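Biologist: I would like to go through the empty spaces in this protein. Please justify each label as we go.

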Amino acid sequence: MKRLPNYSLLWVSFIVFLCTGCNPASQLSVSSPDGNLCLHVETENGKLYYELSRNGKPILDKSRLGFILKEDTLAGHLEITEALHHSFSGTWEQIWGEDRIVENNYHEMTIRVQKTSAPKRKFNVVFRLFNDGFGFRYEFPEQEALKDFVIMDELTEFALTGDHKAWSIPYEAHFYEALYEASPVSKLGWVSTPLTMETNDGLFLSIHEANLTDYAAMNLIPKEGSITLKANLTPWSTGEKVFMKAPGVTPWRTMIVAENAGDLLLSRLMLNLNEPCRIQDTSWIQPGRYIGIWWTYHMHKHTWHTGPRHGATTANALRHIDFAARHGFQGVLIEGWNKGWDTYHFNFTEPYPDFDLKQITDYAASKGVTLIGHHETDGWVSDYENQLEAAFNLYKDHGVQIVKTGYVGKLLDGKERHSQFGVRHYRKVIELAADKHIMIDNHEPVMPTGLQRTFPNLMTQEGVRGQEWDAWDKDGGNPPVHTTIIPFTRGLAGPMDFTPGTFRFENPVLPQTRVQTTLAKQLALSVVLYSPLQMASDEIENYERNPEPFSFITTCPTTWEQTIVPEAKIGEYVTIARKERGNSGRWFIGSITNEQPREMQLPLSFLDKGKRYKAVIYRDGDKADYRTNPYPVIIEEQEVTGESTLQIAQAPGGGTGIILTVLSSSGA
């Protein structure tokens, strides 16, 4: 993207005029394109601060900016030497996503900062204001006084104006796999982002980051028990936060500002703050659904390692490929195919003797199905990197274009996956995979930050307490409220591989643990929880026993033309409608509730005027209940238009899936 010329003083004055309460003599300001958000920057006693308001009401009070370096501090004795303004308005098209076309409209202000004391080191802060929030990042320009340097602390703050209700998981949560809990901001500890909040005024805020590249992931912690949140970067095992070179940039620090919970889900701010696609030929990047030899492992029917109950056998793979071909699935995931599962020191190019890679991939290709490869590392990063090119070449030679990676152990040498070390490793895997035309499903990742715009072969990631917890969590599994929270927290970071679609609720391994939803809610989750690669999690026999509800999953796409959120209340319910890409005009709707039953009232005003639609509704049976009777699903049809309102009862822990297909123009 070409940088637009700097605007004149007249334009700067216009921005100041839009921002209620700005004082041009002492503050520098920039507004959002619609003028509702206004951000001010100033120095006070040599320290650098920013603040944010919306329609004249403060959202962020004076919030500090700066760094502590190993070599120096960029925290005091600072002065602003220049401010540059420009704006941009345009659109871009996603290869896959929740919307095909993304609007990218912002006003930008770059503040150039210099330390007043020798050796007068410099940095910039670039602020971009969108109508639905803002992002800012630090830039370190090329300069004699700053070349290679070490960041020991980033002083970025978010000085909130109220003790908002916040949904969070603790920083130390293993792989980010924890239940989000609600609490006042003042009661938070060290937490991961995205951090989503609801204010007393009814606004919704979410703090995260975008374009995490060669830097440590940002976490948040209240400053001295206050409601000011401070950035807390994940350190190296030796204590340093980030090793940098000038010129260089940090990730964007972001905040979504939304009038309602549903609008949080529609923000594309994070994607807009990532770089455009770097892959020239993207024709090989294909979203879709897949099945796998996976749930049987959790049910202890098969083992990952070789032996009498080995799951990754040639015969078992061929059986699953046949099922996938019959039902239109893109691929079959095979875990446990390669040597090393008995010791967790893996060989990524040698299969077990009972797994014939060539026979399986040739057979899959003949059926129009792909084998989905699997690389579990147990966190042995250096060992994986030493084998990485050979492993990807093996898959490429056999036509395998999707690989699920995993890091269930602590990363080698005690380094954290969300430290700069982990960020560098994950990027290396993604970029090499792109070079080999391989799509990645990354489990145990660093929290996503929108990198899929730049490398759309990064299809989906875990980093969430997914459906597998419903198989082996000794506390009973994911409560129904969990899936009514994660779209507004982890889901704001990007696609998540939650793996919905379990149809059998009994658990012979841990009888007290099971999927805590109704069957209808499992269908709805295919729409609600977005992932362009989505796994139907259950054993294929359980789908064969339930062909009617299974038809919703096999029909549902995984990439969309448009997404809307007709209703949402975090922790209670959410309804999401998505329009299929292409010319079909079909809409798919997923609606879910927590432990409480509810009556969904859904106006269909988003449908095209003058057209009639057939609605196929998959709803909870009249006596369905996630605790005692999860299985009943009623499938019914009715004709609707954009003037119709659907009224559907949802069971405790229940949900609804709907397919809307165009019949004709209403006047025909």
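Modeller: We take one helix, then the cavities, then the largest pocket.

Modeller: This is a predicted model: local features need pLDDT of at least 70, side-chain atom pairs count only at pLDDT 80 or more, and totals for chains, interfaces and linings use all residues. Residues are numbered from 1 along each chain as its sequence is written, and side-chain values use heavy atoms, with hydrogens and water left out.

Biologist: Why is helix α10 called mostly covered?

Modeller: Buried means under 20% relative accessible area, with exposed over 50% and partly exposed in between (1.4 Å probe, protein chains only). In α10, residues 519-528, ten of ten residues are buried. Among them are L519, K521, Q522 and V528. Therefore each of those four has under 20% relative accessible area.

Biologist: What makes α10 a helix?

Modeller: Helices are DSSP runs of H or I, at least four residues, and strands are runs of E, at least two; both are numbered from the N terminus. Helix α10 has ten residues.

Biologist: What makes a space a cavity rather than a pocket?

Modeller: We use a 1 Å grid over the protein atoms alone. A cavity is a set of points where a 1.4 Å probe fits but cannot get out. A pocket is an open set with protein on both sides within 12 Å along at least five of seven lines. Lining residues have an atom within 4 Å of a point. By this rule there are seven cavities of 30 Å³ or more.

Biologist: How do you know how much space lies in the largest cavity?

Modeller: Grid points are joined across faces, edges and corners, and a volume is the space filled by probe spheres set on the points. For the largest cavity that gives about 420 Å³. Its lining has 27 residues, with E98, R268, G491, L492 and G494 nearest the centre. Helix α3 supplies the largest share, three residues.

Biologist: How do the lining residues of the largest cavity divide by class?

Modeller: Ala, Val, Leu, Ile, Met, Phe, Trp, Tyr, Cys and Pro count as nonpolar, Asp, Glu, Lys and Arg as charged, and the others, Gly among them, as polar. The split is 15 nonpolar, nine polar and three charged.

Biologist: Which residues lie nearest the centre of the largest pocket?

Modeller: They are E103, D132, L266, S267 and R268, out of 26 lining residues. The pocket holds about 650 Å³. Strand β8 gives the largest share of the lining, four residues. By class, the lining has nine nonpolar, seven polar and ten charged residues.
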